Each structure stands twice: as C-alpha cells, then as structure tokens.
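Subject: A structure for you to look through

Dear colleague,

I am passing on the structure we talked about, and I would be glad if you could open it beside this message and follow along residue by residue. My notes on what was found in it come after the structure itself.

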Amino acid sequence: WCTMAATTYERLKLHVTPEKFYVEACDDGADDVLVIDRVSTEVTLSVKKDVPPSAVTRPIFGILGTIRLVAGNYLIVITKKTKIGEFFNHVIWKATDFDILSYKKTMLHLTDIQV
C-alpha cells in the first residue's frame, strides 16, 4: 500500500462555471485545484491554468462536504470562520457561515413542493 501526505491550505478560492466547481489553493507556491464536475460529480485534482477565466470567483475557507436532497446534489462551502484558540501553535478555527451550492445549473425542473 502507498501513503500520501495530506496538504492543508490557508487560502482558497471557489471558481464556479455552469459545468464545474474549481477550488483553488492560493497559498504561496500552491498550484493545486480541486475540480468537481457538476454533472457526473467526479472529483479530480488539476492545476491553476485549467480554471476558465469566465468562472465566477470568490474566497472560501473550506469545503464541508456534499449533500443529496430531493432537488439533487449540493456542495457546502465554508464562507466565514472565527479563531477560537490555539493548540501546539496551530490555530483552531470555528466555521461560522456556509453556502449551499446546487450542482444543477437551474431549478426549473423542480415542482413547487420540491423547491
């Protein structure tokens, strides 16, 4: 078996296009971009040059995860955080605000009850 070291990033940007979500690591020297396909839900690792310039961009502080509801899959991202302490010189953060983003491009296919 093979082990991989986990990398953590302090600064992230979320880029949204109709086809994909791109989560870009913005720390010095980072080139990683997590790409989530909004149709297939496939998750891949890419690089910054692959982010389309037409994407809508904003800062985020992390990904909480995904959730499946009647209307489909949603990506939950952390939009605000508060420092609550330190542990062995590592900052402990509390996630205080979130955004829930639909994988679907539109909700026109939903009934009034589903919305």
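Let me begin with a single residue, D27, which counts as buried because its relative accessible area is 18% and the cut-off for buried is under 20%. Please keep in mind throughout that this is a predicted model, and that the values in this message are computed from it. D27 sits in the loop between β2 and β3, and, if we leave aside its neighbours within four places in sequence, D27 is in contact with T8, Y9, E10 and R11. One of these, E10, is 17 residues away from D27 in sequence, while the C-alpha atoms of the two are 6.4 Å apart in space.

With that residue located, it may help to step back to the chain as a whole. The protein chain has zero helices and eight strands, so that reading from the N terminus on gives the order β-β-β-β-β-β-β-β. Of the 115 residues in the chain, 30% are buried, and among the contacts with a separation of 6 or more, 34% are made by residues 24 or more positions apart.

The way the strands pair is worth tracing slowly. β1, which covers residues 12-16, pairs with β2 in the antiparallel sense over five bridges, and a hairpin of three residues joins β1 to β2. Within this pairing, K13 stands opposite E24 in β2. β1 also pairs with β5, residues 56-60, again antiparallel and over five bridges, and here V16 has V56 as its bridge partner in β5. Further along the chain, β6 and β7 pair in the antiparallel sense over seven bridges, with a hairpin of two residues joining β6 to β7, and the bridge partner of R68 in β7 is N73.

Next, please look at the interior. The largest nonpolar core consists of 10 residues, namely L12, L14, F21, V23, I36, I60, L75, V77, L101 and Y103, and β1, β2 and β7 each supply at least two residues of this core. As general background, nonpolar side chains in soluble globular proteins tend to be buried together.

One member of the core, L101, deserves a closer look. L101 lies in strand β8, residues 90-102, and it counts as buried because its relative accessibility is 18%, where the cut-off is under 20%. Not counting residues up to four places away in sequence, L101 touches L14, F21, R58, N73, Y74, L75 and V77. The C-alpha atoms of L101 and V16 are separated by 9.7 Å, although these two residues are 85 residues apart along the chain.

Finally, there is the largest pocket, which has a volume of about 300 Å³. Its lining is made of 14 residues, and those that lie nearest the centre of the pocket are T7, Y9, L12, A25 and L34. The elements that give two or more residues to this lining are β2 (20-25), β3 (32-37) and β6 (62-69). Which kinds of residue make up the lining of the largest pocket? They divide into nine nonpolar, three polar and two charged.

With best wishes

Technical notes
Residues numbered from 1 in each chain as written. Predicted model: local features only at pLDDT ≥ 70, side-chain atom pairs only at ≥ 80, totals over all residues. Heavy atoms only, no water. 1 Å grid on protein atoms, 1.4 Å probe; cavity = no way out; pocket = protein on both sides within 12 Å on 5 of 7 lines; lining within 4 Å. Points joined across faces, edges and corners; volume = space filled by probe spheres on them. Helix = DSSP H or I, 4+ residues; strand = E, 2+ residues; numbered from the N terminus. Nonpolar A, V, L, I, M, F, W, Y, C, P; charged D, E, K, R; others polar. Core = buried A, V, L, I, M, F, W, Y, C linked by side-chain atoms within 4.5 Å. Buried < 20%, exposed > 50% of the residue type's maximum accessible area, 1.4 Å probe, protein only. Pairing = 2+ DSSP bridges. Contact = heavy atoms within 4.5 Å.
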